[in-house]
Amino acid sequence: MKMVACGCCAASWRRCVVMSLRLLFLLPAGLPVRSQGESQSDNKQMDNITIRQGETLFLSCLQGDFVTHTAWLNRSSILYAGEDKWSVDPRVSLVTLNQDEFTIKIEDVDLTDEGQYICAVQTSSRPRTTSVHIIVQVPPKIVNLSKDLVVNEGSNVTLMCLANGKPEPAIGWRMLSPSDDSLSSDSEVLEIPFISRYRAGVYECTASNDIAVDTQTVELTVNYPPSVSDGRDVGVTLGQRGVLQCEADAVPEADFEWYRDDRRIFNGFDGIEIEDAGAFSKLTFFNVSEADYGNYTCVAINKLGSANTSIILYEIIEPTSSTLLQVQDGNSGTSTVFTPTCLLLVVLLQLLLKF
């Protein structure tokens, strides 16, 4: 490559090249250049190029005849001077350099690559520059999001979501699970005053621009005191198995306690088994005795409060042949109950009628 002569013969060749390029290519736009008469530099501004972050940028300019020097510059930095690479960035490389075209590429484009690029060409008569402004678009990325929250019922809740991107992303909130379209926001903040247990769930923040969409979720847990379903009384025959059940709705889950009158019942006490599983508790009698019949109380407790319900275990007396006999009239389909004495009289009366 033939370089412009410079008064730095004692200096290194590299420094001389830099000074030459500055003389040739970094002159302000419109400044006259004296070259064999009245020649003047030509400057062309191309349309802006928009590219997405992470893509590969190709920069190309036409050469033309009688080109003596050529270079690609980014602001004040020389990327390539002819075939010589001046940039230390490994993402920058030469694609094509011939009499017609001078093309370089920048891989994995980032926001720092945005700005003006200049293709400077020195012909035998005058310098020529072509400039283009690169706009780098960046997909949205949520950079600050509220952590998962655990609050008590009745609290005021604020969820925050911040995102970066170019163009600037639009941010919104919605209740994802369970889905509730009435609870949403078109801003970075979602306010939920005096929250109830029915607002617990998963909330989604969405950040979107022309490039892409980014979403993240926050789980909101609402604590509330127990509420206990009304107990159902249970009838059991003497000597049989009896089960009393209790159900409680609470967050966090309730612990259960069972009482007979004012006395607490523990698992294994007098052959009684207590089994807790989530929102349910069972009190099981494997062999009901006379002493087991009575009123029982189930108490559900968590850190926010307690609730209770009463359940009665009562006796069912099954009829036997010695205490109750039932004879059905085959014609009318009705049935009559007789004691053993009455039954004997009926049988005797039927025998007398036969004679």
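Let's start at C61, which counts as buried at 5% relative accessibility in this predicted model. Its disulfide partner is C119, and the two sulfur atoms sit 1.8 Å apart. C119 is buried as well, with a relative accessibility of 1%. The bond ties together distant parts of the chain: C61 belongs to strand β3 and C119 to strand β9 (residues 115-123), with their positions 58 residues apart in the numbering.

Stay with β3 for a moment, since the strand has two faces to look at. In a regular strand the side chains alternate between the two faces of the sheet. Strand β3 (residues 57-62) has L57, L59 and C61 on a covered face, while F58, S60 and L62 make up the uncovered one. The disulfide cysteine C61 is thus part of the covered set. For a neighbour of β3, look to strand β8 (residues 101-106): the two pair in the antiparallel sense over six bridges. If you want a place to begin tracing that pairing, take L62, whose bridge partner in β8 is E101.

The bond at C61 belongs to a set of three disulfides in the structure. A disulfide is a covalent bond between the sulfur atoms of two cysteines. Another of the set joins C161 to C205, with an S to S distance of 1.9 Å. The torsion about this S-S bond is about -75°, so the disulfide is left-handed. Here too distant parts of the chain are linked, with C161 in strand β12 (residues 157-166) and C205 in strand β16 (residues 201-208), 44 residues apart. C161 is buried at a relative accessible area of 0%, and C205 likewise counts as buried at 0%.

The remaining bond to visit runs from C246 to C298, S to S 2.1 Å. Its torsion is about -85°, so this disulfide is left-handed. C246 lies in strand β19 and C298 in strand β24, 52 residues apart, which again links distant parts of the chain. Both cysteines, C246 and C298, are buried.

Strands β19 and β24 lead us on to the largest nonpolar core. Of its 23 residues, L244, W258, I265, L283, F285, Y296 and L313 touch the most other members. Several elements give two or more residues to this core, including β18 (234-236), β20 (255-260), β22 (272-277) and β25 (305-315). The biggest contribution comes from β19, with four residues. Apart from this core lies another, of 20 residues, and among its members are C161, A163, W173 and C205. The cysteines C161 and C205 are the ones we met above, joined by a disulfide.

Which two residues of the chain form an aromatic pair? The count comes to one such pair, and F285 and Y296 form it, edge-to-face, at 5.4 Å centre to centre with 70° between the planes. Why is that called edge-to-face? Because planes over 60 degrees apart fall into that class. F285 sits in strand β23 (residues 280-285) and Y296 in strand β24 (residues 294-302), eleven residues apart. Both rings belong to buried residues: F285 has a relative accessible area of 2%, and Y296 has a relative accessibility of 1%.

One more ring deserves a look before you go. R197 lies over the face of Y224, at 3.9 Å from the ring centre.

Technical notes
Residues numbered from 1 in each chain as written. Predicted model: local features only at pLDDT ≥ 70, side-chain atom pairs only at ≥ 80, totals over all residues. Heavy atoms only, no water. Phe/Tyr/Trp six-rings, centres within 6.5 Å; stacked < 30°, edge-to-face > 60°. Buried < 20%, exposed > 50% of the residue type's maximum accessible area, 1.4 Å probe, protein only. Lys NZ or Arg CZ within 6 Å of the ring centre and 35° of its normal. Pairing = 2+ DSSP bridges. Core = buried A, V, L, I, M, F, W, Y, C linked by side-chain atoms within 4.5 Å. Disulfide = S-S within 2.5 Å.
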